[in-house]
Amino acid sequence: MNTRAPWVVGVSGASGTPYARSVINGLLDAGRPVDVVVSRAARLTILDETGIAFRDAHWTEDLGEWLGRDPVDVRHWPAGDLAAGPASGSYPALGMVVVPASTAAVAGIAIGLSKDLLQRAADVTLKERRPLVVVPRETPYTRATLQHLLELHDAGAVVLPASPGFYSGAKSVDQLVDFVAAKVLDAIGVPHDLITRWTGELGAGR
Ligand SMILES: Cc1cc2nc3c(=O)[nH]c(=O)nc-3n(C[C@H](O)[C@H](O)[C@H](O)COP(=O)(O)O)c2cc1C
């Protein structure tokens, strides 16, 4: 019997692809299988932010280059594949993280649009009452986005903005990125060693 139970990571077309990289690597470091869905727009942000042209047909090489590791225990589903595993509630996914989440993805998930596999998988996650973490990246927010975020919250999703804290003594951009990934992993109960945790002592992280 196939007992693989992955976390689905949806990468939408907001700036902040390093957050997705850190979350996926954190899941893999913890020995958790990952299913990845990269939206069409996210190909542009990945290209813009990493120089990597993400191709469905060569996803193993492209994802490997992006993650900096062999994507063993990663499964990739094309965003246009609405017959993919995560499009169904009977697929044994544990839950889903949308990171980064564009305002378009936030809107689509909030209203159940399911315009592509990423949005459909998120809708399935909500209907199956599985954990859904949405990491919006935009600033400032419109009223519409604020309303959509509230709707996601009310539907049971964890809205976890890409807003790193500085109290754990980050000295590099990578550490700030890891801070957000750490909060995502905390939200879904996956152990990690990405940040120095608050101890109750001011200045301890410096
Ligand atoms: C380089 C680049 C950066 C973008 N950054 C953002 C962003 O930070 N936040 C956002 O909501 N949309 C951003 N967008 C716009 C989204 O990609 C666009 O709304 C798209 O329709 C999102 O589609 P998706 O949700 O299917 O990925 C960006 C687009 C590009 C090309």
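This section describes the fold of a predicted model, from overall dimensions to selected local contacts.

The protein contains seven helices and six strands. Along the sequence, these elements follow the pattern β-α-β-α-α-β-β-α-α-β-α-β-α. The C-alpha atoms occupy a box of roughly 50 × 40 × 35 Å along the principal axes. The radius of gyration is 16 Å, which agrees with the value near 17 Å for a compact globule of 206 residues. Of the 206 residues, 48% are buried. The exposed surface comes to about 10,000 Å². Carbon and sulfur atoms supply 53% of that surface. Among contacts with a separation of 6 or more, 72% are between residues 24 or more positions apart.

The six strands build an open sheet. Their order is S3-S2-S1-S4-S5-S6, and the pairing is parallel. The edges are formed by strand S3 (74-78) and strand S6 (158-159), each of which pairs on one side only. Helix H5 (residues 117-127) packs on this sheet. The helix touches S1, S2, S3, strand S4 (95-101) and strand S5 (132-136). Its direction makes about 135° with that of S4.

Individual pairings can be followed across the sheet. Strand S1 (residues 7-11) and strand S2 (residues 34-38) run parallel and are joined by five bridges. Within this pair, Trp7 has Val34 of S2 as its bridge partner. S4 and S5 also run parallel, with four bridges between them. Here Val97 stands opposite Val133 of S5. S5 is joined to S6 by two bridges, and these strands again run parallel. Val134 has Val159 in S6 as its bridge partner.

S5 is mostly covered, with five of its five residues buried. In a regular strand, side chains alternate between the two faces of the sheet. In S5, Leu132, Val134 and Pro136 point one way. Val133 and Val135 point the other way. Both sets are buried. Val133 and Val134 thus combine burial with bridge partners in S4 and S6, respectively.

H5 is likewise covered. Eight of its eleven residues are buried, so the helix is largely enclosed by the rest of the structure. The buried positions are Leu117, Leu118, Gln119, Ala121, Ala122, Val124, Thr125 and Leu126. Gln119 and Thr125 are thus buried in H5 along with leucine, alanine and valine residues. The N-terminal end of H5 is capped by Asp116. A side-chain oxygen of Asp116 lies 3.3 Å from the backbone nitrogen of Leu118. Leu118 itself is among the buried residues of the helix. Just after H5, Arg129 takes a positive phi of about 60°.

A further set of contacts involves His192, located in the segment after helix H7 (173-187). Leaving aside residues up to four places away in sequence, His192 touches Ala182, Leu185, Asp186 and Arg197. Two of these neighbours also make polar approaches to the histidine. The backbone oxygen of Ala182 lies 3.3 Å from a polar atom of the His192 side chain. The side chains of His192 and Arg197 are joined by a polar contact of 3.1 Å.

Methods
Residues numbered from 1 in each chain as written. Predicted model: local features only at pLDDT ≥ 70, side-chain atom pairs only at ≥ 80, totals over all residues. Heavy atoms only, no water. Pairing = 2+ DSSP bridges. Contact = heavy atoms within 4.5 Å. Axes fitted to C-alpha atoms, helices over the stretch in contact; angles between N-to-C directions. Rg over C-alpha atoms; globule rule 2.2 N^0.38 Å. Buried < 20%, exposed > 50% of the residue type's maximum accessible area, 1.4 Å probe, protein only. Areas by Shrake-Rupley, 256 points an atom, 1.4 Å probe, with all protein chains shown as cover. Polar contact = N/O pair within 3.5 Å; in protein donor to acceptor, adjacent residues only side chain to side chain.
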